[in-house]
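Hello,

I am passing a structure on to you, and I hope you enjoy looking through it. My notes on what turned up follow below.

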Amino acid sequence: MFDLMPIAYRNVNQLWAYILTETLKRLGLTCAIICPGSRSTPLAVAFAQQVPEIEAISILDERSAAFFALGQAQATGRAVVLVCTSGTAGANFYSAVIEASYSHVPLLILTTDRPPELRDCHSGQTVDQLRLYGNYPNWQTELALPSPDMGMLAYLRQTVIQSWERTQTPTKGPVHLNIPFRDPLAPLPDGINLSYLRSQFHPEDFFAGITNNNSFPMPYAPFPIPKEWKECDRGIIIAGVAQPSQPEEYCRAIAHLSQTLKWPVLAEGLSPVRNYAELNPYLISTYDLILRNQQLAKQLAPEMVIQVGEMPTSKELRTWIDATQPRRWVIDKSDQNLDPLHGRTTHLRISVEDIKVEEKNLSFSSDYGKKWCDAEAQVRLAVDQTMGKIDEIIESKAAWLISQILPPGTPLFIANSMPVRDVEYFWKPNNLGVRSHFNRGANGIDGTLSTALGIAHRQQSSVMLTGDLALLHDTNGFLIRNKFVGHLTIVLINNNGGGIFEMLPIAKFDPPFEEFFGTPQDIDFAQLCATYNVQHELITSWQQLQQRLNPLPATGIRVLELRTNRKHDAKWRQDNLRKFATD
């Protein structure tokens, strides 16, 4: 017979918070991020009581906390809890909630609130928190006010179970519980006698139905390969943006499908397929460059396309598919529309591992497939030779070099804007099993550093590739340094501004380009790092970068800064991207 922790009997708020945290612990929660504040006191105390089974991490800035939680959930595949006080605190979670929704990352957001009688009467730190995140959560509700009634405690338990399950199924994503508390918020007597509960409340009985199940498999019989796929010899598979929890199995399933159909696999740089290259003999990594050759693009027009996961970033690829209008299938378990081109598309709501593969055939039966492989071999050679000869520090070479030198299995966070594009253009197929992570749901630069720290926390030593603006947008993430367990190396491309805007037509109009688009910040990163007690090193050669990235340290945060010229980087891309496939 196990007794309630004495602190849970102090008042009804503490009892309520105990039931909530105990239910989550038994469901399998291992990490809760707690932002400081008064209204959330009962939850903060209850989570502190659950240490070490639930790791409770205090993070000052709510936006940073939310992205750190997002990174943890990405890395582990398990839901992470976020707790904040009332008022605008919860509004700072919003951008991470949007990203979690679009990227299918499980988060359980607990915003605490004033009771109904203190709303709409100018009581301090009170805003309307109901449906605070609009339609982004998978599910959302407001809990009843805490009550010591056994029926109400059962209601709380079941609602928490429902919330947890809805972070996982039918697709992963955020869930929002708004939780009102009356005073007293600290574990002080509230005048309600809870001693009678000792005889009524039997924890092992009360929590008996809860199972620690972090995956809710959807029943699905193996999906047989359609006859029309088998009969088509001008088909391609697009392995799009994806960060699956079992990357090797995912890549193997795509490879089996490719070898059965004898269709080439166009693999986005943000797909694990490029990091398990030996599984995939028909891997095409340079499709963006190949399709810049108009003649080749015409010859390679497909009749059918299987898209696995999200569409790649490449504008060239999207324009080409839009122009050729092939018959398309999207393979993804999500319930969302994953076709921004609105083509002749069928969404198969399955995972690629669900496809039943009959036989493997290791030789192309068609000229079409061979044409793709020949183009890949030539363009890949041209890229590798060009990059190998570049000694000066230019932005584009960083992604190419990193793809070949990281320790096997390294978690890598790739920031938005230019880094994801350079990875798509230049990331060389390898067998290192690098675990790439990114926030490509809403493609924002907010929370870049905090997400990377969340991914690296208690994982293998990790790396982040970022530009200067994305890092500066989230410098509060450095405040996590004292709570962070593990190592993160930040490869910082500092071109003093927004390099991606140099690639857009507005770059030719200055003014207003430099002030309103380039937005140089003129920051001394060595000084910035010193402020946060983070190690900084200026990288002046590619050899030096290679030495710093393998092996990686075991602990701490450090910044490796590569200074580049923004105008020069943009001109290099404009001059070279089309050249690689001209022959």
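**The second largest pocket**

The second largest pocket has a lining of 19 residues, and those nearest its centre are Arg292, Lys315, Glu316, Tyr425 and Met503. Please keep in mind that this is a predicted model. The volume of the second largest pocket comes to about 550 Å³.

As for where the lining comes from, at least two residues each are supplied by α12 (315–324), α15 (418–426) and α21 (566–576). The most is given by α15, which contributes four residues. By residue class, the lining of this pocket holds nine charged, seven nonpolar and three polar residues.

**The sheet**

You may also like to look at the open sheet, where six strands with parallel pairing run in the order β2-β1-β3-β4-β6-β5. At its edges are β2 (55–58) and β5 (139–142), each of which pairs on one side only. From one strand to the next, the twist averages 15 degrees.

At the β5 edge, four bridges join β5 to β6 (residues 174–180) in the parallel sense. Here Thr141 has Leu177 of β6 opposite. Packed on the sheet is helix α5 (residues 150–166), which touches β4 (107–113), β5 and β6. The direction of α5 makes about 155 degrees with that of β5.

If you want a place to start, try the pocket centre with Tyr425 and Met503 among the residues nearest to it, then go on to α5 where it packs on the sheet.

Happy viewing, and best wishes

Note on methods. Residues numbered from 1 in each chain as written. Predicted model: local features only at pLDDT ≥ 70, side-chain atom pairs only at ≥ 80, totals over all residues. Heavy atoms only, no water. 1 Å grid on protein atoms, 1.4 Å probe; cavity = no way out; pocket = protein on both sides within 12 Å on 5 of 7 lines; lining within 4 Å. Points joined across faces, edges and corners; volume = space filled by probe spheres on them. Nonpolar A, V, L, I, M, F, W, Y, C, P; charged D, E, K, R; others polar. Pairing = 2+ DSSP bridges. Axes fitted to C-alpha atoms, helices over the stretch in contact; angles between N-to-C directions. Contact = heavy atoms within 4.5 Å.
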